[in-house]
Amino acid sequence: MDDYHETLPFGQLQMEIHTNETYVTFGDFLEFWERLEARGVYPWWSEANLISTFPSVSSPGELPTCSEYSFINTRGGAKNLLIQNYDAG
């Protein structure tokens with residue numbers, strides 16, 4: 001992410017994020033999230049992945065540990081087709 005400075009080279013990003021405290025602390029996750037926001041990338045959709053809560057996959061009562069997110073890049077001007085002003089006329 002740091003190689004691209006202010007504008008990241010995509011208009012939309014879809015990502016599944018696993019939030020297991022054993023591997024990634026909340027502080028690490030927060031820092032990642034804030035780095036995205038500092039570069040103009042914001043979530044517009046999220047969906048909890050509940051497969052980890054099924055009894056055949058996990059222990060009873062286990063909470064979901066991953067979610068799917070869709071992000072949109074609000075920077076990039078003319079390079080970003082998703083946020084350009086579109087003139088249909």
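**Exercise 1. Find which residues gather in a patch of negative charge on the surface of this predicted model, then place E37 and say whether E37 is buried, partly exposed or exposed.**

Step 1. Let's start with the patch: E21, D28, E31, E34 and E37 come together on the surface as a patch of negative charge.

Step 2. Now pick out E37, which sits in helix α1, running over residues 26–38.

Step 3. Check the cover. E37 has a relative accessible area of 31%. Buried means under 20% and exposed means over 50%, so E37 counts as partly exposed.

**Exercise 2. Work out the pattern of helices and strands that the chain follows.**

Step 1. Count the elements: there are one helix and three strands.

Step 2. Put them in order along the sequence, and you get β-α-β-β.

**Exercise 3. Locate V41, decide whether V41 is buried or exposed, and list what V41 is in contact with.**

Step 1. V41 belongs to strand β2, which covers residues 41–49.

Step 2. Its relative accessible area is 0%. The cut-off for buried is under 20%, so V41 is buried.

Step 3. Skip the neighbours within four places in sequence, and V41 touches L8, F10, L36, F71, I72 and N73.

Step 4. Try a distance too: L13 is 28 residues from V41 in sequence, yet their C-alpha atoms are 8.8 Å apart in space.

**Exercise 4. Describe the chain as a whole: how much is buried, and how much surface is accessible?**

Step 1. The chain has 89 residues, and 21% of them are buried.

Step 2. The accessible surface is about 6700 Å², with 55% of that belonging to carbon and sulfur atoms.

Technical notes: Residues numbered from 1 in each chain as written. Predicted model: local features only at pLDDT ≥ 70, side-chain atom pairs only at ≥ 80, totals over all residues. Heavy atoms only, no water. Patch = residues over 30% accessible without salt bridge, like charges linked within 9 Å, V, L, I, M, F, W, Y side chains within 5 Å. Areas by Shrake-Rupley, 256 points an atom, 1.4 Å probe, with all protein chains shown as cover. Salt bridge = Lys/Arg side-chain N within 4 Å of Asp/Glu carboxyl O. Lys, Arg positive; Asp, Glu negative; His and termini not counted. Charge placed at Lys NZ, Arg CZ, Asp CG, Glu CD. Helix = DSSP H or I, 4+ residues; strand = E, 2+ residues; numbered from the N terminus. Buried < 20%, exposed > 50% of the residue type's maximum accessible area, 1.4 Å probe, protein only. Contact = heavy atoms within 4.5 Å.
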